[in-house]
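Some questions on a protein chain and its ligand follow, each with a short answer. The sequence and structure come first.

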Amino acid sequence: MTIRFDGRVAIVTGAGGGLGREYALELARRGAKVVVNDLGGSRDGTGHSDAALKVVQEIEALGGEAMSNGGSVAEYDQMAEMVARAKERWGGVHILINNAGVLRDKSFAKMEPADFEFVIRVHLIGSAFATKACWETMREQNYGRILMTASSSGLYGNFGQANYGAAKLGIAGLAKTLYLEGAKNNIKVNTLAPTAGTRMTEGLLPGPMFEAFAPDRVVPAALFLVGDDAPTNQIVGAGAGVFQAAYVTLTQGALLQGDELSPEGVAAHWAEITDRAGEIVPNAGGEQAMLIATKLQRG
Ligand code: NAI
């Protein structure tokens, strides 16, 4: 069945270029009314331009409906204002794709505290602010689809991206609590870890890879994850037409008692503690304690 977005209002942050622009265009082609948010800065987050307006014009040229918004995700008031404008014109907000982002890469040894803070602010605080601005509306509507943008750098680490990686895993963590809190109001929250040839990866992805990883090849995952039949609490990898699922898992572990309840005991049982046989994927934090309680009962 064709996935359509007729009657839906979608906000895509950082949609003036790269992946966000592709999401916005395809959402509009499939019937959504789209808020194209972007402050139009450079890769490191400085400066402004009318990048969002250009994407709105592209959508209108396709016969779609869109409005531009030049607000910064890092400013809560600007996000609240953006949501108010969308509701005023279109009556609601159903979809939010948190996509805006910046880079200030440096090894941790050379990274200025201000560059750590700035990257966390745009990605993590920005995703929380844009989401918070839509949250009450989605709860009232009993409908919301939120897509967070993480990164392999956050899930697995990447040299030179301590600030960015911390923000990105933080975003995945934000999704893991919001999916629980949104469930009773039909708000589904997922996380995408894309890989794409954009200005963000220019000079990082080698030439031929840059082309194979065209940003439009990530779009199918993003749109599925904000559709009516989207799953929730998934972490999805996407790049060059390959789609993956990532999980935060927990091993069965080992119960140590008596003399073994010691650092030496942990050392002696390390193989059992880290054994991945019988590993689980908890759906909420409390499952760690439940697994422990079960182990205690078994003795
Ligand atoms: P991009 O640089 O083309 O897009 C990011 C957009 O966010 C830019 O248009 C920028 O102006 C906008 N932006 C920056 N700060 C903003 C703010 N405070 N408020 C509103 N908009 C702001 O880069 P790309 O690659 O399209 O990145 C999109 C998302 O995907 C980012 O979150 C990025 O971290 C993530 N990502 C991208 C990967 C890739 O391989 N391209 C890999 C992993 C994650």
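Q: Which pocket does the space taken by the ligand correspond to?
A: The model is predicted. In this model, the ligand takes up the space of a pocket, and that pocket is the largest.

Q: Which elements give two or more residues to the shell around the ligand?
A: The shell draws on helices as well as on residues named singly; D38, N99, Y164, A196 and T198 are the closest of the 29 residues around the ligand. The elements that contribute at least two residues each are α1 (18–29), α4 (113–141) and α6 (162–182).

Q: How many residues of the shell around the ligand are polar?
A: The shell residues fall into three classes. Three are charged and 11 are nonpolar, and the polar ones number 15.

Q: Which residue has a polar side-chain atom 2.6 Å from an oxygen atom of the ligand?
A: A polar contact is a pair of N or O atoms within 3.5 Å. L19 has a backbone N or O atom 2.8 Å from a ligand oxygen, and S72 places a polar side-chain atom 3.0 Å from a ligand nitrogen. The side chain that lies 2.6 Å from a ligand oxygen belongs to Y164.

Q: What share of the ligand's accessible area does the protein cover?
A: On its own, the ligand has 820 Å² of accessible area. The part of this area that the protein covers is 96%.

Q: What distance separates the centres of domain 1 and domain 2?
A: The chain is divided into domain 1 (9–246) and domain 2 (258–298). Taken over C-alpha atoms, their centres are separated by 36 Å.

Note on methods:
Residues numbered from 1 in each chain as written. Predicted model: local features only at pLDDT ≥ 70, side-chain atom pairs only at ≥ 80, totals over all residues. Heavy atoms only, no water. Near = heavy atom within 4 Å. Polar contact = N/O pair within 3.5 Å; in protein donor to acceptor, adjacent residues only side chain to side chain. Areas by Shrake-Rupley, 256 points an atom, 1.4 Å probe, with all protein chains shown as cover. 1 Å grid on protein atoms, 1.4 Å probe; cavity = no way out; pocket = protein on both sides within 12 Å on 5 of 7 lines; lining within 4 Å. Sits in = over half its atoms within 2 Å of the grid points. Helix = DSSP H or I, 4+ residues; strand = E, 2+ residues; numbered from the N terminus. Nonpolar A, V, L, I, M, F, W, Y, C, P; charged D, E, K, R; others polar. Domains from an automatic or database assignment.
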